[in-house]
Amino acid sequence: MILSRRIGLLLLLLGCVVLPWMSFDTPAVHAQARSQTITIQARSYAVHFPGSIDFYTTVSDSVSPLQRASLTLNIGPQQNQELQFVDVPQGQKSATLHWHEDTSGNHFLPAGTPISYDWQIWDTAGNTLTDTSQSLATVDTRFQWQHANQGQLQVNWYGHDQNFGQMLLKQAATSIDHITSVLGSGLRHPINLWVYSSDADFHGSLEPGAYEWVGGEAFPSLHEASIVVANATDYTLVRDMPHELTHLVFHQLIENGIYPPIWFDEGLAVYNQLYHESNMLARFNEALSTNALLRLDDLTLEFPADADKAYLAYSQSWQLVSFMYDTFGHAKMVKLIQNLDNASTDFDSALQKSIGEDHLHLENQWRLALHQPGVLTSDQLTPTPTVTSSSSSSVGTTQSGSNTVLWIVAGLGIIILLEGCVVAIWLVNKKRKRAAQLASVQPVYPHYPTGWGQPPMTPPPGNWPAGYYQGTMPPAGANMPGQPVYPPQPREYAQAPLSWRAPQE
């Protein structure tokens, strides 16, 4: 009884202390009461792509003059937050406020970047108002865009009639159907494909410093891609369009996992192209003739900066992915992509579960199939000690000699065991490090400069010859005579965008 009274007294004392504190100034109720004097009468924004975005709001106060204001911006898929303080005319109870957000230079935002924002207003009496959140998506406002939709696909174009737009929509839908059949599944979220009419218009949509010949770009995190299509017979419809759309579909299918090696990502994109310039296969065959294939470990986080090696990296990635589909079959490749949609795995583990090989053994098998030197060395294989039985001549060996041999064998066994443990620990740490690096990569995919093996003739839209499918080459003579053998320096590897540059060790 005494104990229960003491507990009750203690609870009473706590109530006397806590309750007055709780009722003193409840933030939610107080904020709502103080915001009743301030009202937002209008709000708007104006995008001036690519240089700036202007935000406006008209506010009034029924009691006191306005004192200060701020604008909170949440930018991009990761909702990176900015807090900007806005000038307020003093002594006035109403005003139109303005914030100019610079998106030029290092502040560049690609078209399609989502932004949410809200205004906060204070008056001289201490009243406050936080506006409801608003949202927008940046658009290339230099052009009057037209739109066409089918399912989760939207295509956007300008400067052409509706027939052109319907052709684009049909082409893109056909590409996505093909990509879906290859990857085993299709879009999970809506995507936007922006089609520019000229290289000059497209280049104006790129971040500052982009090379002048880039012909397509994909932003998987934004579910957006851009290409250039001049007319209904443009070869970009069967090369750049499926390439960029593959990136969008593939990254939706692995959105819950880590980013795979660049060679696999790019290999899938080139594999799904409906046209491959003959120079690409020629560059691959040249590497075979000189035993100069690039190592996969060097194509994990980025491609080489050297133009010639970068072009080889494209071709090699395409050829390896083709080998994987041909050797292991479509079902196992689909399973591989499904296994990649898991943040707790890494690429080697996904490979092992789907095709039964890690990347090192895959690379070795592929090279040997091409009559190239393998990549597995003796120090990457676990040695197996052998014990030779004693012959009859050893019967007379002294007991001390037998003990010496046993000690030597035991010592060698311990050394081999320790080396095996060291190698195992090294491999595990390497795998974890690779997985951590890949997880930190946020790729943007600028692709194929215009003029890489452009053919003088292209297949008609929607009626491509079968030879344009599944990584086969176009008909003989499709490459343009007199073209350079290799393209100019590829931007995406010579100067990778900061958003997907590999972390430095």
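Two strands count as paired here if DSSP finds at least two bridges between them. With that in hand, here are some notes on this predicted model, point by point.

1. **The overall picture.** The protein chain holds 13 helices and 14 strands. Of its 505 residues, 45% are buried. Looking at contacts with a separation of 6 or more, 71% of them link residues that are 24 or more positions apart.

2. **A sheet of three strands.** A good place to begin is the open sheet made of 3 strands, ordered S1-S2-S5 and paired in the antiparallel sense. Strand S1 (38-48) and strand S5 (94-102) are its edges; each has a single partner strand, so one side of each lacks a neighbour in the sheet. On average, neighbouring strands of this sheet are turned by 15° against each other, ignoring direction. As background, strands of a sheet pair through backbone hydrogen bonds, in either a parallel or an antiparallel manner.

3. **From S1 to S2.** S1 runs antiparallel to strand S2 (residues 52-61), and 10 bridges join the two. If you would like a pair to click on, Ile40 stands opposite Val59 in S2. The loop between S1 and S2 contains Pro50. What kind of peptide bond joins Phe49 and Pro50? The bond is cis, with omega at about 0°.

4. **Strand S6 and its surroundings.** Is strand S6 (residues 114-123) mostly enclosed or mostly open? In S6, 8 of the 10 residues are buried, so the strand is largely enclosed by the rest of the structure. S6 also has several pairings worth following on screen.
   - S3 and S6 run antiparallel and are joined by 9 bridges; Leu66 has Asp123 in S6 as its bridge partner.
   - Strand S8 (residues 134-137) pairs with S6 over 4 bridges, again antiparallel; here Tyr117 stands opposite Gln134 in S8.
   - Strand S7 (residues 128-130) is joined to S6 by 3 bridges, and these two run antiparallel; Ile121 stands opposite Leu129 in S7.

5. **The S6-S7 hairpin.** S6 and S7 form a hairpin, with 4 residues between the two strands. Gly126 sits in the turn and has a positive phi of about 90°.

6. **Two loop residues with positive phi.** Gln79 is a residue other than glycine, yet its phi is positive, near 55°. Gln79 lies in the loop between strand S3 (66-75) and strand S4 (80-86). With a relative accessible area of 36%, Gln79 is partly exposed. His223 also belongs on the list of positive phi values in residues other than glycine, with phi near 60°. You will find His223 in the loop between strand S12 (214-219) and strand S13 (224-228). The relative accessibility of His223 is 24%, so this residue counts as partly exposed.

7. **Gln252, a polar side chain out of the solvent.** Gln252 belongs to helix H5 (residues 240-253). Is this residue buried or exposed? Gln252 has a relative accessible area of 1%, and because buried means under 20%, Gln252 is classed as buried. Which residues does Gln252 touch, leaving aside those up to four places away in sequence? They are Leu187, Arg188, His189, Pro190, Ile191 and His223. A polar atom of the Gln252 side chain lies 2.8 Å from the backbone nitrogen of His189. His223, from the previous point, turns up here as one of the residues touched by Gln252.

8. **Helices H7 and H8.** Two packed helices are described by the angle between their axes and the distance between those axes. Helix H7 (residues 278-289) packs against helix H8 (residues 307-328) at an angle of about 95°, and the axes are 9 Å apart. Angles from 65 to 115 degrees count as roughly perpendicular, so H7 and H8 fall in that class. On the H7 side, the contact involves Asn279, Met280, Leu281, Arg283, Phe284 and Ala287. Facing them in H8 are Asp308, Tyr311, Leu312, Tyr314, Ser315, Gln316, Trp318 and Gln319. By type, the residues of this contact divide into 8 nonpolar, 4 polar and 2 charged.

Conventions. Residues numbered from 1 in each chain as written. Predicted model: local features only at pLDDT ≥ 70, side-chain atom pairs only at ≥ 80, totals over all residues. Heavy atoms only, no water. Axes fitted to C-alpha atoms, helices over the stretch in contact; angles between N-to-C directions. Buried < 20%, exposed > 50% of the residue type's maximum accessible area, 1.4 Å probe, protein only. Polar contact = N/O pair within 3.5 Å; in protein donor to acceptor, adjacent residues only side chain to side chain. Contact = heavy atoms within 4.5 Å. Parallel < 35°, antiparallel > 145°, perpendicular 65-115°, else oblique. Nonpolar A, V, L, I, M, F, W, Y, C, P; charged D, E, K, R; others polar.
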